[in-house]
Amino acid sequence: VSVAITPKFATSKILIQGHVSTVSNVNHIMVRLYRDSTHIGYGTGSTMSGIISSELDNNNFGNNGNASFGAGGVSYLDSPATSSAITYKFTLYQPGPGSALYINRSPSGYQGASSNLTVMEIAQ
């Protein structure tokens, strides 16, 4: 899930709002927010830092009792300090290898749901 914007002024702030739907075959996943290749909007002190974490419901996706399905709202105010084009995107993060991670999964898939991402320039 990504969106591009070209701010008119380098002093502008960008309001990022969205709704993220995730599903995984593990019980610990994190949704991360990126500006281009820079991870933004997260807490410090942990490798599991992100903008939101997934809610858990132990839905046995992939025959795994520790699966997670979650949805969360995001509202973040960024100060990119540029008037060049930038891209904001949500990614999923899970610290262990071999996981099935999905974002914006098709309604025909297990636990299908949609996500959205909206950005707005606030000129200063």
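## I122 and the surface patch

I122 is partly exposed, because its relative accessibility is 34%. That value falls between the 20% limit for buried and the 50% limit for exposed. The model is predicted.

I122 sits in strand 9, which spans residues 116–122. On the surface, I122 joins L77 and M120 in a nonpolar patch. Together the three residues offer about 260 Å² of accessible area.

## S12, a buried loop residue

S12 lies in a loop. Strand 1 (2–5) precedes this loop, and strand 2 (13–24) follows it. S12 has a relative accessible area of 3%, so it counts as buried. The cut-off for buried is under 20%.

The side chain of S12 makes a polar contact with the side chain of E121, at 2.6 Å. Leaving aside residues up to four places away in sequence, S12 touches S79, P80, E121, I122, A123 and Q124. The patch residue I122 is thus among the contacts of S12.

## The chain as a whole

The protein chain has nine strands and zero helices. Its pattern along the sequence is β-β-β-β-β-β-β-β-β.

The chain holds 124 residues, and 40% of them are buried. Its exposed area is about 6,500 Å². Carbon and sulfur atoms contribute 48% of that area.

How many of the contacts between residues at least 6 apart in sequence join residues at least 24 apart? The share is 74%.

Note on methods:
Residues numbered from 1 in each chain as written. Predicted model: local features only at pLDDT ≥ 70, side-chain atom pairs only at ≥ 80, totals over all residues. Heavy atoms only, no water. Helix = DSSP H or I, 4+ residues; strand = E, 2+ residues; numbered from the N terminus. Buried < 20%, exposed > 50% of the residue type's maximum accessible area, 1.4 Å probe, protein only. Contact = heavy atoms within 4.5 Å. Areas by Shrake-Rupley, 256 points an atom, 1.4 Å probe, with all protein chains shown as cover. Patch = residues over 30% accessible without salt bridge, like charges linked within 9 Å, V, L, I, M, F, W, Y side chains within 5 Å. Salt bridge = Lys/Arg side-chain N within 4 Å of Asp/Glu carboxyl O. Polar contact = N/O pair within 3.5 Å; in protein donor to acceptor, adjacent residues only side chain to side chain.
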